[in-house]
Amino acid sequence: MLSDAELDRYARQIILPQFGGAGQAKLKAAHVALIGAGGIGCPAIAYLAAAGVGRLTIIDDDVVELSNLHRQPLFADDDIGASKAEVAAKVARRINPHVEAEARVERLDEANAEALLAGADLILDGCDNFATRLAVNRAAVALEIPLLSAAIGAFEGQVALYEGWRAGSPCYACLVGDDPNREGINCAETGVMGALPGMIGTTAALEAVRALSGWGRSLAGRLAIIDMLERRWREVGVPADPECPICRG
Ligand SMILES: [Zn+2]
């Protein structure tokens with residue numbers, strides 16, 4: 001199933017007994033949909049492509065701006081004005097020619113979410129607004145796809161894994177409610193150090209690899225809160241809400 005070139009490329013992770021050739025084969029067979037090729041999406045895309053996830057769908061309707069470059073290292077000066085999804089997909093293919101990376105230059109919303117995400121084995125949401133996150137969550141529950149949700153504030157990051165279609169397992173809305181007008185955190189207003197989304201994006205990539213290949217302690221139903229002002233990592237269980245209109249607990 002894996003060629004000699006692939007065995008060479010992935011040798012340092014295949015040698016891990018918890019992962020091995022079986023883990024690599026699972027990554028190769030996997031399809032990950034990413035929402036947002038921004039501060040979180042850029043490192044996640046780079047590491048998932050490098051790790052050998054077989055297929056990536058990158059969904060983002062934004063173009064690269066000068067003020068993105070301090071935290072979105074897939075992009076360079078001469079990409080300003082270009083589609084983030086298209087540049088990111090091109091870089092992913094350049095990092096690893098064994099990866100199929102497809103750009104979807106579309107804004108994900110309630111109407112198109114299920115069509116865009118159907119067929120994925122895992123969704124990684126690193127987008128910058130609450131309405132999109134709710135649409136992604138609703139589709140993830142309906143399609144029964146694990147949702148890895150990653151977000152940042154000024155000096156804090158959060159990463160959680162939701163399997164909301166399972167009885168007793170929370171979805172994203174169990175944690176935050178389902179009001180699309182809820183105030184989101186926008187780094188244009190709050191500011192952010194570039195390496196923080198880098199750290200959260202790579203954490204999300206590692207958790208995606210874990211979820212797809214199954215080793216160590218699952219993040220399912222748990223929320224990791226990484227505070228880089230004080231340098232603290234906390235983890236809490238997210239209770240399923242029996243009143244949740246999306247997953248009904
Ligand atoms: Zn729920």
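**Close-up views of a sheet and its helices**

**View 1. The open sheet and its two edges.** Eight strands make up an open sheet in this predicted model, in the order β3-β2-β1-β4-β5-β6-β7-β8, and their pairing is mixed. Strands of a sheet pair through backbone hydrogen bonds, either parallel or antiparallel. Look for the edges: β3 (100-104) and β8 (232-237) each have a single partner strand, so one side of each is left without a neighbour in the sheet. From one strand to the next, the twist averages 15°.

**View 2. Where β7 meets β8.** In which sense do β7 and β8 pair? Strand β7, residues 222-227, pairs with β8 in the antiparallel sense, over six bridges. Here you can find Asp227 opposite Arg232 of β8.

**View 3. Two helices lying across strands.** Helix α5 (residues 84-95) lies across β2 (55-59) and β3, and runs at about 175° to β3. Helix α7 (residues 130-143) lies across β1 (31-35), β4 (122-125), β5 (147-152) and β6 (156-162). The angle of α7 to β4 is about 170°.

**View 4. Helix α3 packed with helix α10.** Two packed helices are described by the angle between their axes and the distance between the axes. For α3 (residues 20-29) and α10 (residues 195-213), the angle is about 105° and the axes are 9 Å apart. That makes α3 roughly perpendicular to α10. Which residues make the contact? Helix α3 brings Gly23, Lys26 and Leu27, while α10 brings Val209, Leu212 and Ser213. Sorted by class, this contact of α3 with α10 has three nonpolar, two polar and one charged residues.

Note on methods: Residues numbered from 1 in each chain as written. Predicted model: local features only at pLDDT ≥ 70, side-chain atom pairs only at ≥ 80, totals over all residues. Pairing = 2+ DSSP bridges. Helix = DSSP H or I, 4+ residues; strand = E, 2+ residues; numbered from the N terminus. Axes fitted to C-alpha atoms, helices over the stretch in contact; angles between N-to-C directions. Contact = placed C-beta atoms within 7 Å. Parallel < 35°, antiparallel > 145°, perpendicular 65-115°, else oblique. Nonpolar A, V, L, I, M, F, W, Y, C, P; charged D, E, K, R; others polar.
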